[in-house]
Amino acid sequence: GLDPAGPTFEYADELTRLSPDDAEFVDVLHTYTRGSPDRSIGIQKPVGHIDIYPNGGGFQPGCNLGEALRLIAEKGLGDVDQLVKCSHERSIHLFIDSLLNEEKPSMAYRCNTKEAFEKGLCLSCRKNRCNNLGYKVNRVRTKRNTKMYLKTRAQMPYKVFHYQVKIHFFGKTNMTKTNQPFLISLYGTLDKSENIGFTLPEVSSNKTFSFLIYTEVDIGDLFMVKLQWEKDTFFSWSDWWTPFTFDIQRIRVKSGETQKK
């Protein structure tokens with residue numbers, strides 16, 4: 001199923017819409033599920049044995065408004081429909097990509113929610129928890145729907161490399177700060193990916209925080225990590241007179257593609 005239609009099908013019974021009993025194995029890509037259910041162009045609920053939601057399923061990279069405005073400026077209003085079609089049709093391009101790049105399939109990971117996936121909590125391949133997207137999918141039949149997530153690039157080849165990063169902050173004083181921006185760089189045996197930006201919704205002393213990052217290049221085996229706290233919003237004037245230490249005690253990185261830690 002390549003982004004099966006949402007309107008009038010979101011609440012339809014199994015006889016009317018795509019469902020797991022339609023074939024020996026039904027796998028579905030959801031690429032445009034924005035808006036309220038039944039108003040969304042693509043169906044939001046799982047309808048196969050495996051339902052894969054690239055980039056959360058809501059909106060695909062490279063299909064943003066800025067890109068659409070650039071298209072209109074270059075080619076006129078005739079291409080406005082491309083904006084609507086862009087995320088919807090991405091399912092087709094992802095499948096074509098899996099045919100053209102069979103030896104390097106994109107990996108999707110089983111997860112209950114996209115929020116948990118964004119925290120990097122679902123990069124396990126144990127017990128069929130990960131699978132290939134597209135043509136090389138492993139045909140795993142389950143009694144209930146399996147929801148899977150992954151990130152992709154904005155253009156072909158779409159494959160990226162997923163990492164879970166866990167940071168443990170240490171402080172003698174209990175402190176909590178919100179929305180702290182960081183830059184992380186990964187250096188590997190094949191390549192490097194530098195200055196990947198991310199924001200931690202919360203930073204607290206003596207707590208561990210987990211999040212997901214991804215690289216567009218295959219860096220090989222990771223051998224060095226560089227972390228930079230982006231802006232020093234941490235100190236106010238009063239802090240100059242309050243000596244305390246607040247630092248990072250431990251960083252752990254796990255690769256989704258190789259399963260190495």
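A disulfide is a pair of cysteine sulfur atoms within 2.5 Å. The model is predicted: local features need pLDDT of at least 70, side-chain atom pairs count only at pLDDT 80 or more, and totals for chains, interfaces and linings use all residues. Residues are numbered from 1 along each chain as its sequence is written, and side-chain values use heavy atoms, with hydrogens and water left out.

**Exercise 1.** Determine how many disulfides the rule yields and state their pattern.

*Solution.* The rule gives three disulfides. With bonded cysteines counted along the chain, the pattern is 1-2, 3-4, 5-6.

**Exercise 2.** Assign the handedness of the disulfide between Cys 111 and Cys 122, and locate both residues.

*Solution.* Step 1: the sulfur atoms of Cys 111 and Cys 122 are 1.9 Å apart. Step 2: the torsion about their S-S bond is about 45 degrees, so this disulfide is right-handed. Step 3: Cys 111 lies in the loop between β3 (107-110) and α3 (114-118), and Cys 122 in the loop between α3 and β4 (130-132), so the pair ties together parts 11 residues apart in sequence. Helices (H or I, at least four residues) and strands (E, at least two) are DSSP runs, numbered from the N terminus.

**Exercise 3.** Classify Cys 125 and Cys 130 by accessibility, and give the handedness of their disulfide.

*Solution.* Step 1: buried means under 20% relative accessible area, exposed over 50%, and partly exposed in between (1.4 Å probe, protein chains only). Step 2: Cys 125, at 24%, is partly exposed, whereas Cys 130, at 13%, is buried. Step 3: the S-S torsion of Cys 125 and Cys 130 is about 115 degrees, so the disulfide is right-handed.
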